[in-house]
Amino acid sequence: MRLIIAFEHIRRFVGAHAQVVTELSQRLGRRGHEVTIVCDTVTDPVLYPDLHIIARRPFQIGGSHRPAMLHFWANRIIDSLENDLVLSFHPAIPGDVMVPTFGFDFGPDRNRRGGWRGLVHAIDPRWIVSRWIGHRARRNGRVRCVAALSEVMAEALLDAAPQIEPMLRIIPGASPIEPPADEAVRHAMGEETRATLRLDPTDRVFLWAAKSPYQKGGAAVLHAFSEVVSLGHPSARLIMACEDPWTLHDFAVDLNCDDRLRLVSRTREMEHLLCAADIGVMPAERSLLGRFVWECLAFSLPVIANTHTAGTERMRDSSDRVAGRIISSTRPEALRDAMIGLLNAAHLEAARRSAKSIAPSMRFDLFVDRIESLAQEFAHRR
């Protein structure tokens, strides 16, 4: 098939949403499809020699401040290219199949159109999603399917735009960050990372990771961890990985747990941290993707998440056992009790067995299979 894949910014960050787009494009290309990426900007296109990328403008810091311009430009470019299907991963660019990759709430908030997440003069991305996916999907003749990557995302989409229900599909997502196939290599990566971070083999290591220290429940995790430490659990350690992690350091000092905390910035070697950890923690109240949950399960790590975190529906094994803990609140005491529960060796081992049985279903190639099947289905409907 001749596929056009539309997105906003192609950036070379491990863990960025763009990595899903580029990795998907590369794997579809290896399967014999002709793939063209249409995007707003691309950082260092020479780093993607195997991808054909058409960008609207040179790389600029910040988001798409003119989503309407991106919309009309992308439509003009797409109409000029021969293709069998357009897969859009950004709401401003209508495609035959739209696959939203935003991790925040889709609900429209028309009182906050400017300055959200520090983007000056930007329209609130949640409002963009509601407008372009909700109000225009039904009107635009190109859009025939909206694919939600989690059940939580599907519910949020329907809440923001109930009119898209006839075209909504749930396509379980996956992350291209995966463990090494060789178990010995994985063990060595974990040992090396623990040694670098001065962690003992007997430590029980919790891992939290997000783009920003202010997102995905980072403060709640640190507060709960401090209570775990104060209750006398000497083996507990916490790794927190994000951009600008130093804002968390002062908080940790105030909570008297800084000596048990390991702060690292956003890293290209996320798989090393996942190999070194014992338990993932992601109590996000506004997560629609659940990417960190996917990654933990792929690495056979138990996860602590709450009912608002996307991906929790995939934390149950075939016997309906939970690979970790699903909590109904992000209050520090709820997180603390869940963390203490998994410090118990027997409980941790049971959760690990469940996570290990789930891990094969989290492979990125399975996600590529699902996207490819969806593309073939709707390409035939043209």
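**Contacts and overall make-up**

I started with how far apart in sequence the contacting residues sit. In this predicted model, 66% of the protein chain's contacts with a separation of 6 or more are between residues 24 or more positions apart. Then I counted secondary structure and got 12 helices and 15 strands for the protein chain. I also looked up burial: 57% of the chain's 382 residues count as buried.

**Cores**

Next I went for the nonpolar interior. The largest nonpolar core holds 114 residues. Ile5, Ile10, Phe206, Leu222, Leu274 and Ile304 have the most contacts inside it. Which helix gives this core its largest share? I noted H12, with 8 residues. A separate core of 11 residues lies apart from the largest one, and Leu70, Ala74, Ile77 and Val86 are among its members. I jotted down the general rule next to this: in soluble globular proteins, nonpolar side chains tend to be buried together.

I picked Ile5 for a closer look. Leaving out residues up to four places away in sequence, isoleucine 5 touches Val21, Leu24, Ser25, Leu28, Val35, Thr36, Ile37, Val38, Leu87 and Phe89.

**Helix H1**

Val21, Leu24, Ser25 and Leu28 took me to H1, where they are listed as buried. H1 covers residues 17–30. From first C-alpha to last, its 14 residues reach 21 Å, close to the 20 Å expected at 1.5 Å a residue. Is H1 enclosed or open to the outside? It is largely enclosed by the rest of the structure, because 11 of its 14 residues are buried. The buried set also takes in Glu23 and Arg27, along with Gln19 and Gln26. What do the buried residues of H1 pack against? I wrote down strands E1 (2–6), E2 (9–10) and E3 (34–39), plus helices H9 (291–298) and H12. Just past the end of H1, I found glycine 32 with a positive phi of about 100 degrees.

**H1 against H12**

I followed up the H12 partner, residues 364–379. The two helices pack at an angle of about 75 degrees, and their axes are 10 Å apart. H1 and H12 are therefore roughly perpendicular. On the H1 side I see Val20, Glu23, Leu24, Arg27 and Leu28. On the H12 side the contact uses Phe364, Asp365, Phe367, Val368, Ile371 and Glu372. Sorted by class, that contact has 7 nonpolar, no polar and 4 charged residues.

**H10 against H11**

I checked another helix pair. H10 (residues 332–343) packs against H11 (residues 345–358) at about 90 degrees, with axes 5 Å apart. That makes H10 roughly perpendicular to H11. Gly341, Leu342 and Leu343 of H10 meet Ala345, His347, Leu348 and Ala351 of H11. This time the classes come out as 5 nonpolar, 2 polar and no charged.

**Helix H2**

Back to the smaller piece of interior: Leu70, Ala74 and Ile77 from the 11-residue core are also listed as buried in H2. The other buried H2 residues I noted are Pro67, His71, Trp73, Asn75 and Ile78. H2 spans residues 67–80, and its end C-alpha atoms are 20 Å apart, which agrees with the 20 Å expected for 14 residues at 1.5 Å each.

**Alanine 220**

Last stop was Ala220, in helix H6 (residues 218–230). Buried or exposed? Alanine 220 counts as buried, because its relative accessibility is 18% and the cut-off is under 20%. Setting aside residues up to four places away in sequence, alanine 220 touches Thr330 and Leu335. I also took its distance to proline 283: 8.2 Å, C-alpha to C-alpha, with the two positions 63 residues apart in sequence numbering.

Note on methods. Residues are numbered from 1 along each chain as its sequence is written. This is a predicted model: local features need pLDDT of at least 70, side-chain atom pairs count only at pLDDT 80 or more; totals for chains, interfaces and linings use all residues. Side-chain values use heavy atoms; hydrogens and water are left out. Axes are lines fitted to C-alpha atoms, for helices over the stretch in contact, and angles run from 0 to 180 degrees between N-to-C directions. Helices (H or I, at least four residues) and strands (E, at least two) are DSSP runs, numbered from the N terminus. Angles under 35 degrees count as roughly parallel, over 145 as roughly antiparallel, 65 to 115 as roughly perpendicular and the rest as oblique. Contact means heavy atoms within 4.5 Å. Ala, Val, Leu, Ile, Met, Phe, Trp, Tyr, Cys and Pro count as nonpolar, Asp, Glu, Lys and Arg as charged, and the others, Gly among them, as polar. Buried means under 20% relative accessible area, exposed over 50%, partly exposed in between (1.4 Å probe, protein chains only). The expected span of a helix is 1.5 Å times one less than its number of residues. A nonpolar core is a set of buried Ala, Val, Leu, Ile, Met, Phe, Trp, Tyr and Cys residues joined through side-chain atoms within 4.5 Å.
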